[in-house]
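Got your viewer open and a selection box ready? Load the model below and follow along, one stop at a time.

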Amino acid sequence: ETYRFFSIEDRLKAGLRTWDSKVAPLDVAVADATGNFALVFNERLVEMRRPDGSLVYNMFWKNQPVSVAFAADGRRLCVADDSGRLTLLDEAGEEVWHAEPGSVASLAAGGGRVYAACWDGRLRAFTQDGKPVWTLDLTPAMLDEDPMQMVAASAAALTLPSPGGRGRVIEATRPTTVSSDVPSGENLLRNGKATLTLGGTKSWM
């Protein structure tokens, strides 16, 4: 299977550039300032291309990259990987700085900030120099001091007192759908007025 990428640029005489890849990208970022774009793939590959589709660099990352975003200059690139690390690369692909949000993140950049939406439910902002600015907890309801208290309360609501004093959990039950009682009336099978056919797979028994 082949994936074809298209780069369309009005300033180019040809107007259209294409190239192929054997794998689909996990994330794509486009720089407003330069038109450069970056892609990350499975098997730890990171690459940057110019607006005409020509390659600036590609490299194998130490861990699996999951998200990319360009800095404001459109030349430096932020990479987030599955180890919970955020790294800024210069235009040659060399590391400028790295930070440790501690969680896998999806990246965005703008206004001189890099934003990391992390899997731990927190949105983190960094400066272009990698300094943390603020952290916003988007899941405060999950931060109870005693998270098992709600579970215990729910269990208590579903219990009834027992002679031993320990209580028993209420279990949902439903009436049985079978009965051992034989209904009164004529036995149609015995007198030949009815037949019983059993289905199944041939030669199963």
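What follows is a short walk from the whole chain down to two residues.

Before you click anything: this is a predicted model, where local features need pLDDT of at least 70, side-chain atom pairs count only at pLDDT 80 or more, and totals for chains, interfaces and linings use all residues. Residues are numbered from 1 along each chain as its sequence is written, and side-chain values use heavy atoms, with hydrogens and water left out.

**Whole protein.** Show everything as cartoon: you have 1 helix and 16 strands, taken as DSSP runs (helices H or I, at least four residues; strands E, at least two) and numbered from the N terminus. Switch on the surface and it comes to about 14600 Å², 54% of it from carbon and sulfur atoms (Shrake-Rupley, 1.4 Å probe; for residues, only the protein chains shown count as cover). Of the 205 residues, 30% count as buried, meaning under 20% relative accessible area, with exposed over 50% and partly exposed in between (1.4 Å probe, protein chains only).

**The sheet.** Now select 105-110 and 132-137: these are S11 and S14, the edge strands, each pairing on one side only. They belong to an open, antiparallel sheet of 4 strands in the order S11-S12-S13-S14, where pairing takes at least two DSSP bridges between two strands. On average, neighbouring strands here are turned by 20 degrees against each other, direction ignored (axes are lines fitted to C-alpha atoms, for helices over the stretch in contact; angles run from 0 to 180 degrees between N-to-C directions). Add 113-118, which is S12: 6 bridges tie this strand to S11. For a landmark, pick Ala108 and look across to Tyr115 in S12.

**Arg124.** Next, select 122-127, strand S13, and find Arg124 in it. Is Arg124 buried or exposed? It is buried, at 13% relative accessible area. Show side chains and you'll see Arg124 and Asp120 joined by a polar contact of 3.0 Å (N or O atoms within 3.5 Å; within protein, one must be able to donate a hydrogen and the other to accept it, and residues adjacent in sequence count only if both atoms are side-chain atoms). Leaving out residues up to four places away in sequence, Arg124 touches several others, including Tyr115, Cys118 and Trp134 (heavy atoms within 4.5 Å).

**Ser103.** Keep Asp120 selected and go to Ser103, in the loop between S10 (95-99) and S11. Ser103 is buried too, at 11% relative accessibility. Its side chain reaches the backbone nitrogen of Asp120 at 3.2 Å. Beyond four places in sequence, Ser103 touches Gly84, Cys118, Trp119 and Asp120.
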